Amino acid sequence: MAEVLNVKKRELTGKLNNRRLRNAGKIPAVLYGNGQESVSLEVCADEFAAIVRHKVKNIELAGDITGNVVMRDIQWDTFGVDVQHIDFYR
């Protein structure tokens, strides 16, 4: 069974904008694969923490983008405490 994760599209990308996003309690993410164009997303850090605790790989996206995805990669900070970026694969 897939967990549900609310996502929003993000228009602003880049190092400074991603840092601002993380300071606001969100995580930058990207959705790619299946021959479609990649989409930049933002995910609530608290919702994502629950998914990581349950060790779920198959996730159902809700919000601006919908569908089932696989969590492909998680990038952690140097100390392995905070998530810096997430890759989702269609």
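These exercises work through the fold, two residues and a pocket of one predicted model.

The model is predicted: local features need pLDDT of at least 70, side-chain atom pairs count only at pLDDT 80 or more, and totals for chains, interfaces and linings use all residues. Residues are numbered from 1 along each chain as its sequence is written, and side-chain values use heavy atoms, with hydrogens and water left out.

**Exercise 1.** State how many helices and strands the protein has, and in which order they run.

Solution.
- Helices (H or I, at least four residues) and strands (E, at least two) are DSSP runs, numbered from the N terminus.
- The protein has 2 helices and 6 strands.
- Read from the N terminus, the order is β-α-β-β-α-β-β-β.

**Exercise 2.** Compare the radius of gyration of the protein with that of a compact globule.

Solution.
- The radius is taken over C-alpha atoms, and the globule rule is 2.2 Å times the number of residues to the power 0.38.
- For 90 residues the rule gives a value near 12 Å.
- The protein has 12 Å, so it agrees with the rule.
- The C-alpha trace spans about 30 × 30 × 20 Å along its principal axes.

**Exercise 3.** Decide whether N18 and E60 are buried, partly exposed or exposed, and list their contacts.

Solution.
- Buried means under 20% relative accessible area, exposed over 50%, and partly exposed in between (1.4 Å probe, protein chains only).
- N18 lies in helix α1, residues 15-23. Its relative accessibility is 13%, so N18 counts as buried.
- E60 lies in strand β4, residues 58-63. Its relative accessibility is 36%, so E60 counts as partly exposed.
- Contact means heavy atoms within 4.5 Å. Not counting residues up to four places away in sequence, N18 touches R10 and P28.
- Leaving aside neighbours within four places in sequence, E60 contacts A2, E3, V4, L5, G67 and N68.

**Exercise 4.** Describe the lining of the largest pocket by element and by class.

Solution.
- A pocket is an open set of points on a 1 Å grid over the protein atoms alone where a 1.4 Å probe fits, with protein on both sides within 12 Å along at least five of seven lines; lining residues have an atom within 4 Å of a point.
- β2 (26-33), α2 (45-53) and β6 (83-89) each supply at least two lining residues. The most come from α2, with 4 residues.
- Ala, Val, Leu, Ile, Met, Phe, Trp, Tyr, Cys and Pro count as nonpolar, Asp, Glu, Lys and Arg as charged, and the others, Gly among them, as polar.
- The lining has 8 nonpolar, 2 polar and 3 charged residues.
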